[in-house]
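Thanks for sharing this one. Here are my notes as numbered points, to be read with the model open beside you.

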Amino acid sequence: LLLEDATGGVFGAFLPDAYRWSPTSYFGGGESFLFRGRPSPAACFPSTLANTHHAHASSSGLAFGTGPRGAGLFIDTSFERGSSRASDTYANPELTSTGDFRCLRVEAWCLP
(Lines give C-alpha, C1' and ligand atoms only; values in the text may rest on other atoms or scores of the structure.)
Protein backbone atom coordinates (compact mmCIF):
# COMPACT_ATOMS: atom_id res chain seq x y z
CA LEU A 1 0.00 0.00 0.00
CA LEU A 2 1.50 3.34 -1.06
CA LEU A 3 0.09 6.73 -0.06
CA GLU A 4 0.84 10.35 -0.91
CA ASP A 5 -0.61 12.99 1.39
CA ALA A 6 -1.54 16.63 0.76
CA THR A 7 1.84 17.84 2.09
CA GLY A 8 3.82 15.68 -0.36
CA GLY A 9 4.57 12.90 2.12
CA VAL A 10 5.00 9.42 0.65
CA PHE A 11 4.65 6.40 2.93
CA GLY A 12 2.91 3.07 3.24
CA ALA A 13 2.79 -0.53 4.38
CA PHE A 14 3.80 -3.94 3.08
CA LEU A 15 1.98 -7.14 4.07
CA PRO A 16 2.88 -10.58 2.72
CA ASP A 17 -0.66 -11.83 3.43
CA ALA A 18 -4.02 -11.22 1.76
CA TYR A 19 -6.17 -8.55 3.37
CA ARG A 20 -9.03 -9.92 5.50
CA TRP A 21 -11.97 -7.94 6.80
CA SER A 22 -12.71 -8.58 10.49
CA PRO A 23 -14.25 -6.32 13.11
CA THR A 24 -12.16 -7.94 15.87
CA SER A 25 -8.98 -9.60 14.63
CA TYR A 26 -5.62 -8.67 13.14
CA PHE A 27 -3.74 -10.39 10.32
CA GLY A 28 -0.26 -10.30 8.82
CA GLY A 29 3.04 -11.55 10.13
CA GLY A 30 6.64 -10.81 10.93
CA GLU A 31 7.57 -9.94 7.34
CA SER A 32 5.24 -6.92 7.42
CA PHE A 33 6.69 -3.42 7.56
CA LEU A 34 5.85 0.27 7.37
CA PHE A 35 7.94 2.68 5.33
CA ARG A 36 8.43 6.36 4.61
CA GLY A 37 9.92 7.91 1.47
CA ARG A 38 9.14 11.55 2.28
CA PRO A 39 9.52 13.52 4.45
CA SER A 40 13.19 12.68 4.70
CA PRO A 41 14.92 10.64 5.81
CA ALA A 42 13.52 7.62 3.99
CA ALA A 43 13.19 4.67 6.35
CA CYS A 44 11.76 1.18 6.73
CA PHE A 45 10.20 -0.04 9.99
CA PRO A 46 10.00 -3.84 10.17
CA SER A 47 7.80 -5.69 12.61
CA THR A 48 9.27 -5.81 16.10
CA LEU A 49 7.20 -8.92 16.90
CA ALA A 50 6.20 -7.10 20.11
CA ASN A 51 2.59 -8.01 19.28
CA THR A 52 0.56 -9.50 16.43
CA HIS A 53 -1.24 -6.26 15.49
CA HIS A 54 0.27 -6.06 12.02
CA ALA A 55 -2.91 -5.14 10.12
CA HIS A 56 -6.62 -4.74 10.71
CA ALA A 57 -9.39 -4.19 8.14
CA SER A 58 -12.87 -3.23 9.32
CA SER A 59 -15.79 -0.94 8.58
CA SER A 60 -13.79 2.03 9.94
CA GLY A 61 -10.78 1.51 7.66
CA LEU A 62 -7.35 -0.09 7.42
CA ALA A 63 -4.94 0.02 10.36
CA PHE A 64 -1.33 -1.14 10.57
CA GLY A 65 0.31 -1.58 13.97
CA THR A 66 -0.85 -0.34 17.37
CA GLY A 67 0.58 2.01 19.95
CA PRO A 68 -0.54 4.09 22.92
CA ARG A 69 -1.84 6.94 20.72
CA GLY A 70 -3.22 4.95 17.78
CA ALA A 71 -2.17 2.99 14.72
CA GLY A 72 1.22 3.23 13.05
CA LEU A 73 -0.77 3.93 9.89
CA PHE A 74 -4.54 4.28 9.53
CA ILE A 75 -6.60 5.13 6.46
CA ASP A 76 -10.39 5.51 6.53
CA THR A 77 -12.77 3.55 4.29
CA SER A 78 -13.14 6.48 1.88
CA PHE A 79 -9.35 6.51 1.36
CA GLU A 80 -9.50 10.29 1.85
CA ARG A 81 -8.16 10.77 5.39
CA GLY A 82 -5.76 8.99 7.68
CA SER A 83 -3.33 9.26 10.54
CA SER A 84 0.03 7.96 11.63
CA ARG A 85 1.20 7.53 15.21
CA ALA A 86 4.18 5.83 16.83
CA SER A 87 3.45 2.12 17.16
CA ASP A 88 4.84 -0.70 19.26
CA THR A 89 4.27 -3.16 16.40
CA TYR A 90 6.75 -1.43 14.07
CA ALA A 91 8.68 0.93 16.41
CA ASN A 92 7.97 3.68 13.90
CA PRO A 93 7.68 7.41 14.48
CA GLU A 94 4.81 9.29 12.83
CA LEU A 95 5.25 8.64 9.11
CA THR A 96 3.83 12.04 8.14
CA SER A 97 4.86 15.56 9.05
CA THR A 98 1.45 16.29 10.57
CA GLY A 99 0.21 13.01 12.13
CA ASP A 100 -3.24 13.39 10.57
CA PHE A 101 -3.35 13.67 6.79
CA ARG A 102 -5.51 14.01 3.70
CA CYS A 103 -4.78 11.46 0.95
CA LEU A 104 -4.00 12.67 -2.55
CA ARG A 105 -3.06 9.30 -4.01
CA VAL A 106 -3.47 5.71 -2.89
CA GLU A 107 -1.96 2.76 -4.71
CA ALA A 108 -2.24 -0.89 -3.77
CA TRP A 109 -0.53 -3.85 -5.38
CA CYS A 110 -1.18 -7.53 -4.96
CA LEU A 111 1.48 -9.93 -6.12
CA PRO A 112 0.57 -13.59 -6.69
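In which sense do β7 and strand β8 pair, and over how many bridges? Before the answer, a word on the ground rules. This is a predicted model, in which local features need pLDDT of at least 70 and side-chain atom pairs count only at pLDDT 80 or more, while totals for chains, interfaces and linings use all residues. Residues are numbered from 1 along each chain as its sequence is written, and side-chain values use heavy atoms, with hydrogens and water left out.

1. **The β7 and β8 hairpin.** β7 and β8 (residues 81–83) pair in the antiparallel sense over two bridges; strands are DSSP runs of E, at least two residues, numbered from the N terminus, and pairing requires at least two DSSP bridges between two strands. Phe-74 stands opposite Ser-83 in β8. Four residues lie between the strands of this hairpin, where Phe-79 takes a positive phi near 60°.

2. **The β6 partner.** β7 also pairs with β6, in the antiparallel sense, over four bridges. Here the bridge partner of Ala-63 is Phe-74 in β7.

3. **The core.** The largest nonpolar core (buried Ala, Val, Leu, Ile, Met, Phe, Trp, Tyr and Cys residues joined through side-chain atoms within 4.5 Å) has 18 residues, and Leu-3, Leu-34, Phe-64 and Leu-73 touch the most other members. Two or more residues of this core come from each of β2 (10–14), β6 (61–64), β7 (73–76) and β9 (100–107). In soluble globular proteins, nonpolar side chains tend to be buried together.

4. **Leu-73 close up.** Beyond four places in sequence, the contacts of Leu-73 (heavy atoms within 4.5 Å) include Leu-3, Phe-11, Leu-34, Leu-62, Phe-64, Leu-95 and Phe-101. Ser-83 and Ser-84 are also among them.

5. **Ser-84.** Have a look at this serine, in the loop between β8 and β9. Ser-84 is buried, with a relative accessible area of 0%; buried means under 20%, exposed over 50% and partly exposed in between, using a 1.4 Å probe and protein chains only. The Ser-84 side chain reaches the backbone oxygen of Gly-72 at 2.7 Å. Its contacts beyond four places in sequence include Leu-73, Asn-92, Glu-94 and Phe-101.

6. **Cysteines.** Why are there zero disulfides in the whole structure? A disulfide needs a pair of cysteine sulfur atoms within 2.5 Å. The closest cysteine sulfur to that of Cys-44 is in Cys-110, 19 Å away, so too far for a bond. For Cys-103 the closest is in Cys-44, at 20 Å, again too far for a bond. Cys-44 is partly exposed at 46% relative accessible area, whereas Cys-103 is buried at 10%.

Key. A polar contact is a pair of N or O atoms within 3.5 Å; within protein, one must be able to donate a hydrogen and the other to accept it, and residues adjacent in sequence count only if both atoms are side-chain atoms.
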